[in-house]
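Colleague: I'd like a close look at one part of this model rather than a tour of everything. Could you pick a spot where strands pair up, go through it slowly, and then tell me how the rest of the chain frames it?

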Amino acid sequence: MILSELNKGIYYVGVNDRTSSLFESLWSLPAGVSYNSYIVKGDKTALIDTVHISKAKNFIANIKTAIGESPIDYVVINHMEPDHSGAIDYIVKSFPDVTIVGNKKTIEMVEGFYGSISNTKVINDGDVLDLGDGKSLKFVITPMVHWPETMMTFEQSSSTLFSGDAFGCFGALNGGVIDAECDVESYIPEMYRYYAAIVAKYGTFVIKAIEKLKGLRINRICPTHGPVWQDYMMHVIDLYDRLAHFTPQNGAVIVYGSMYGNTEDIAELIARELTVNGVSVRMHNIATADLSVVLADIMRFKGLIIGAPTYNSSIFPPIQNLIEAIVSRGIKNRVLSTFGSYTWGPGISVKIEKSFESLNYDTVSCKIEMKQSILDNDLYNRIEEFAKVFAEKVK
């Protein structure tokens, strides 16, 4: 590893994972993922978070590059999910005098995952750990972003925020560590996807965390996934704030299920008419689409149009799964419409609409439900009229 010094005495010692195909055994990783960890070196040395156990060997090598044979005095755990705490055993074995630092819930989880560890230090919100030589760590507890124990660590002399999973994204680091060294545009869609898949349910807590951070003068954000944010830091904070408030951009997402292509025909017609009416459209066939990409687009855009065939007198199962994912995340402030097709069991559009009642969407009932196939010329007229109304809502 070529040593990456972010500021005097602060080093990046994280690792890349370009092997795993799924994150949490759920979410695709077409561009891999990084597990970020950092060293803060004063008179004493603190390691901020560890990495996935599969990368422990590379991780220890990176630490040795940064500090040589010097000891690690503290390991600060901002988040206990095993992609960040998995190498704790390796650290304790390599540095037997190390002290594990975390809040009360963190230490309970450390013992639950890894058994009893002799040296632990419980901190409270606002506590400061003095490392000497001008370096000090202030702890900011930010529960439910996105686990109960989550917190952030602020190195006061350099104004560096170690933010845990907050402000992170999918995508391995391609040589660069700081945003100025990276192709940032490739990471922004991965931030939407990461937030939609992992964090979206906890928007209320993200808002509280951002409010809490306003009292700190921050020069850089060091998350546990993705680049270190310096030049783009304010853009990233603003993006997280908008996502947490479910503030959408203009545009529409059409998601459909189609067994034999008839429901897909309607989706294509709706997409064309919306485009004619000046609406930017993203389309997804739920049977082949990546769920995290679909959710990311739904988080991003104001209009949501969902279509499905009737299946066993109910909603086509992949669309039902999508609905559950949207509702469980509480995605708000959307304009909704539904459409469908059937052979002998009508009413699919109403069933889909009812599934979203708890979110109080602005619903545009398009009354587009096709029996068997597009043979009714009036269907074209209804789609045309619907598109005009929907376009006004989302532009």
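Modeller: Happy to. One definition before we start: a strand here is a DSSP run of E with at least two residues, numbered from the N terminus, and two strands pair if DSSP finds at least two bridges between them. Keep in mind, too, that this is a predicted model.

The part I'd pick is the hairpin that connects β7 to β8, with three residues making the link. β7 covers residues 38-41, and β8 covers residues 45-48. The two run antiparallel and are held in register by four bridges. If you want a place to put your finger, go to Lys 41, which sits opposite Thr 45 of β8.

β7 has another partner as well. Strand β2, residues 10-12, pairs with β7 in the antiparallel sense, this time through three bridges. Here the pair to look for is Ile 10 and Val 40, with Val 40 being the bridge partner in β7. So much for the hairpin and its neighbour.

For comparison, move along the chain to another set of strands. There you'll find an open sheet of five, ordered β12-β13-β14-β15-β16, with mixed pairing. β12 (128-132) and β16 (220-223) are its edge strands; each has a single partner, so one side of each has no neighbour in the sheet. From one strand to the next, the twist averages 20°. At the β12 edge, the contact with β13 (residues 135-141) is antiparallel and consists of four bridges. Gly 132 is a handy landmark there, with Lys 135 as its bridge partner in β13.

Now the frame around all this. The chain has twelve helices and 23 strands in total. Its C-alpha atoms fill a box of roughly 80 × 35 × 35 Å along the principal axes. Of its 395 residues, 55% count as buried. If you take the contacts between residues at least 6 apart in sequence, 71% join residues at least 24 apart. The exposed surface comes to about 16400 Å², with carbon and sulfur atoms supplying 49% of that. As for charge, there are 36 positive and 45 negative ones, and their mean positions lie 3 Å apart.

Conventions
Residues numbered from 1 in each chain as written. Predicted model: local features only at pLDDT ≥ 70, side-chain atom pairs only at ≥ 80, totals over all residues. Heavy atoms only, no water. Buried < 20%, exposed > 50% of the residue type's maximum accessible area, 1.4 Å probe, protein only. Contact = heavy atoms within 4.5 Å. Areas by Shrake-Rupley, 256 points an atom, 1.4 Å probe, with all protein chains shown as cover. Lys, Arg positive; Asp, Glu negative; His and termini not counted. Charge placed at Lys NZ, Arg CZ, Asp CG, Glu CD. Axes fitted to C-alpha atoms, helices over the stretch in contact; angles between N-to-C directions.
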